[in-house]
Amino acid sequence: MAEITDKSVEIQLGCGLVAAIFQRGNCKPIKQPVSQISTKSSTKKLAKPPPKPPSITPLNSNDRKHVRRSTSDGTRISSKNNNSSSTKKLSQVVNLVPNTQNLRRQPTFTSSDLSTTITGHQKSNVNGTFNRASSTGNIMLLGQLGNLKQQKTIQIVSTDQKSILQKGRVLMGNIVRSQPSLRSHMLNKLDPDVLKSMGNEHYKHGRFEEAISLYNQAIAINPKNACYYSNKSAALMSLNRLIEAVIECREAIRLDPFYHNAQYRLARLYLRLGEAEKSLSHYEKSGPKVDKRDTAEAQDVKRIICNCIEAHRMKNYITLLNESQNALSSGADSAPQIFAMRAEALMKLHRHEEAYTTIQKGANFKTDHCTCLYGSAKTAYLLIIRAQVYVLVGRFDDGIAAAQEAAKLDISNEITTILRRIRGLASARIKGNKLFRQSKYTESCSMYTEGLEQDAYNSVLLFNRAACRFKLGQFEKAVEDCTAALVLRPSYTKARLRRADCYMKLERWEAAIQEFEMLLHEKQGDEEVKRALIDAKIQLERERDEDQKQRKLSNGSSNLVLVTSN
């Protein structure tokens, strides 16, 4: 029974906490009888009833009126007899009962009043006098019984009641977290302008993520304010999340087409993303925010991008490299199309390492954001260039994923052909690696050669075939494959190390030493490379000593022949 009573009290506490937050005082009162205090004489001790948790029930309107009148009388009585003995005080409490009919029942309170009263127990400075009503830990403040709205009427101090209170708080927290409607109701009580001001403070101090979170809360409360969207776009712009910033600026302008700050910010964003035409259009709507330098910069970017597109159409890749660099330095520093055209030019010129670096420098936008801004065709082009560059440096899985995504947006023959070729290269590599692990070097070499027939400039397949040829003792051919891979990717460490090993097998000590020194410069703490370098130097010294001996012997024999002939 005690457990059931505890649970009922916890439920009431939880409801009370909810009522305290949402100020719901119109619940039906639950009346529960409370044991009365009776004393036969002032000298007898109070009977100790069995301990049980306090029952908490709300009052109806009539009860509250009676309690206010009767308890105010009790307050006056207690203030006159503040220095009396404890038995006198107890009798005063008992004498309150006949003053009104409804005080036959102990005054009850709403659980919301109780919940706020409990939390301030240890902080409250009690002006009245205490009288113990029972051994359960309930304490009545005689000095404050006259005003129930002050919520200082009952103080719970027992351990059981404190634990019940904690459970009630946990229950309330779970209710609020688990019900979005409650959270939104609480959120609606906040001032969105205050949240915006807080976000502005975070923005000024460079805390852009926190600022975005506060702007989002303000938007959730008032989604019709264009300023919140504009401020959020500024924070996103600072985090280099430019396309998301464009989306927020668009929404701000949709709500307020004459919002000059948003128009100017959107023009700057479009310029950085390589959309010079759209940038000029929004500059015209920016009012006094724009000046001649802004429009002149946009005009220059527009002209350079046109030159890039023409060079790309003519397949003039040297010109495309120059013009794309001009575009990046003129203001279009985050334009995905410029980075893609530049990577393609480097790829066609067999400068694969630079192509990969260019792709890495470009912003990695989400596909849906790119499609929203550039359209399906341009987004598919960006993805297919990225896929080809990934494959060139050995990221076959990423290359296939990007090519498949491009094929979903554009099913043209060109993209389909590239996807088929990438899959063929990945398949050849997987099969070749499997055969190599099985020590079937000849079959593995043939499989890599089959992949190279589809793309003769794949550095990873060239290196893998060099490894097979090294195992087969074909050191000269292995050197050729490694050299071809290093031409495409000068920092391909594995290929350089393989070529150094081949030079050691071919007893080309000077070439091996040169390779090991370059490797040691890149990886200074590599002990294996250090040992190989020392070994190569020792072999070179031995070879030079033998050469000197051979020269001396040849010189001595020639002198002997000359003396004999004389």
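**Close-up 1. The second largest pocket of the predicted model.** In this predicted model, the second largest pocket encloses about 520 Å³ of space. Its lining is made up of 26 residues, and of these Glu344, Met347, Lys348, Gln388 and Ile418 are the closest to the centre of the pocket. Sorted by class, the residues of this lining comprise 14 nonpolar, 5 polar and 7 charged ones.

**Close-up 2. Helices that contribute to the lining of the second largest pocket.** Helix H15 (336-348), helix H18 (376-392) and helix H20 (413-437) each provide at least two residues of the lining. The greatest contribution to the lining of the second largest pocket comes from H18, which supplies 8 residues.

**Close-up 3. Packing of helix H22 against helix H23.** Helix H22, spanning residues 459-471, packs with helix H23, spanning residues 475-488, at an angle of about 160°, and the two axes lie 8 Å apart. Because angles over 145 degrees count as roughly antiparallel, H22 is described as roughly antiparallel to H23. The crossing of these two helices, H22 and H23, is left-handed.

**Close-up 4. Residues in the contact of H22 with H23.** On the H22 side, the contact is formed by Ser459, Leu462, Arg465, Ala466, Arg469 and Phe470, which meet Phe475, Lys477, Ala478, Asp481, Cys482, Ala484, Ala485 and Leu488 of H23. Taken by class, the residues of this contact between H22 and H23 divide into 9 nonpolar, 1 polar and 4 charged.

Conventions:
Residues numbered from 1 in each chain as written. Predicted model: local features only at pLDDT ≥ 70, side-chain atom pairs only at ≥ 80, totals over all residues. Heavy atoms only, no water. Axes fitted to C-alpha atoms, helices over the stretch in contact; angles between N-to-C directions. Helix = DSSP H or I, 4+ residues; strand = E, 2+ residues; numbered from the N terminus. Parallel < 35°, antiparallel > 145°, perpendicular 65-115°, else oblique. Left-handed = near helix turned anticlockwise from the far one by under 90°. Contact = heavy atoms within 4.5 Å. Nonpolar A, V, L, I, M, F, W, Y, C, P; charged D, E, K, R; others polar. 1 Å grid on protein atoms, 1.4 Å probe; cavity = no way out; pocket = protein on both sides within 12 Å on 5 of 7 lines; lining within 4 Å. Points joined across faces, edges and corners; volume = space filled by probe spheres on them.
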